[in-house]
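This report goes through one protein chain from its overall make-up down to single residues. The sequence and the model are shown first.

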Amino acid sequence: MKLSEISSAFCLDIPLILSNSDNTGKITGNERIGGLYGYIYHNNNSSRGTGTITAVEIENMGDVTGSKYVGGIMGYTFAKTDSTISTSSSSATIKGSISYVGGLIGYAENIAFNSCQNTGSKVS
């Protein structure tokens with residue numbers, strides 16, 4: 001497991017707020033790879049908290065390469081309840097060799113996007 005995969009895995013029992021973050025470096029890995037966050041999920045077996053994700057003003061300018069679940073901002077994201085990503089962008093080249101490759105997020109459940117954009121390229 002690469003350092004980028006280890007440092008970006010979150011299991012949520014409480015709300016997670018991500019704000020004013022950016023990346024300009026190249027990120028390379030295998031699965032669940034994102035420009036800033038690789039793997040964020042809510043622990044469905046927990047009865048504590050809501051597990052919501054709120055991401056505001058997140059920007060990725062570094063190229064991201066992986067096999068599947070590859071995204072400019074987040075690779076794989078699952079929230080138990082409605083969550084939001086706002087005013088965020090990616091201008092990088094996103095490359096995935098198998099599936100679930102996206103300019104902003106490779107795979108997401110229960111996520112709404114507001115004022116987000118991808119101006120980079122996606123290669124899969």
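The text below covers the fold, the strand pairing, the nonpolar cores, the aromatic rings and a few single residues.

## Overall make-up

The model is predicted. Its chain has 1 helix and 13 strands. Read from the N terminus, the order of elements is α-β-β-β-β-β-β-β-β-β-β-β-β-β, so the helix precedes the strands. The chain counts 124 residues, and 44% of them are buried. About 6,200 Å² of the chain is exposed, and carbon and sulfur atoms supply 46% of that area. Among the contacts with a separation of 6 or more, 82% are between residues 24 or more positions apart.

## Strand pairing

The table gives parallel pairings of strands, with the number of bridges for each.

| Strand | Partner | Sense | Bridges |
|---|---|---|---|
| β5 (residues 37-42) | β8 (residues 74-86) | parallel | 4 bridges |
| β6 (residues 53-60) | β8 | parallel | 3 bridges |
| β8 | β11 | parallel | 8 bridges |
| β7 | β10 (residues 94-102) | parallel | 6 bridges |
| β10 | β13 (residues 122-123) | parallel | 2 bridges |

Strand β8 pairs with β5, with β6 and with β11. Single residues show how these strands are set against each other. T77 in β8 stands opposite I40, and the bridge partner of T77 in β11 is A108. For β6, A55 stands opposite I85 in β8.

Strand β10 takes part in two of the listed pairings, one with β7 and one with β13. G71 stands opposite G102 in β10. K95 has V123 in β13 as its bridge partner.

## Nonpolar cores

The largest nonpolar core has 15 residues. Within this core, the residues with the most contacts are L18, Y37, I40, I58 and M74. Strands β2, β5, β6, β8 and β11 each give two or more residues to it. Another core, of 7 residues, lies apart from it and includes I27, V70, A92 and I94. I40, named above as standing opposite T77, is thus also listed in the largest core.

## Aromatic rings and charges

The structure holds 7 aromatic pairs. In one of them, the ring centres of Y69 and Y107 are 6.0 Å apart with the planes at 80°, so the pair is edge-to-face; the cut-off for that class is an angle over 60 degrees. This pair links distant parts of the chain, with Y69 in strand β7 and Y107 in strand β11 (residues 105-114), 38 residues apart. Ring pairs also join Y39, Y41, Y69, Y76, Y100 and Y107 into a cluster.

Which rings does the charged end of R32 sit over? R32 lies over the face of Y39, at 4.4 Å from the ring centre. The charged end of R32 also sits over the ring of Y76, 5.4 Å from its centre. Y39 and Y76 both belong to the cluster of rings.

## Single residues in strands

Two residues other than glycine have a positive phi. N20 has a phi of about 50° and lies in strand β2 (residues 16-23). Y69 has a phi near 55° and lies in strand β7 (residues 64-71).

Are these two residues buried or exposed? N20 has 58% relative accessibility and therefore counts as exposed, the limit being over 50%. Y69, at 14% relative accessibility, counts as buried, because that value is under 20%.

K68 is also in strand β7. Its relative accessibility is 23%, so K68 counts as partly exposed. In a regular strand the side chains alternate between the two faces of the sheet.

K68 also has partners further along the chain. K68 and S97 are 29 residues apart in sequence, and their C-alpha atoms are 6.6 Å apart in space. Leaving out residues up to four places away in sequence, K68 touches N30, E31, R32, I98, S99 and Y100. Of these, R32 is the residue that lies over the face of Y39, and Y100 is a member of the ring cluster.

How values were computed:
Residues numbered from 1 in each chain as written. Predicted model: local features only at pLDDT ≥ 70, side-chain atom pairs only at ≥ 80, totals over all residues. Heavy atoms only, no water. Buried < 20%, exposed > 50% of the residue type's maximum accessible area, 1.4 Å probe, protein only. Contact = heavy atoms within 4.5 Å. Phe/Tyr/Trp six-rings, centres within 6.5 Å; stacked < 30°, edge-to-face > 60°. Lys NZ or Arg CZ within 6 Å of the ring centre and 35° of its normal. Areas by Shrake-Rupley, 256 points an atom, 1.4 Å probe, with all protein chains shown as cover. Pairing = 2+ DSSP bridges. Core = buried A, V, L, I, M, F, W, Y, C linked by side-chain atoms within 4.5 Å.
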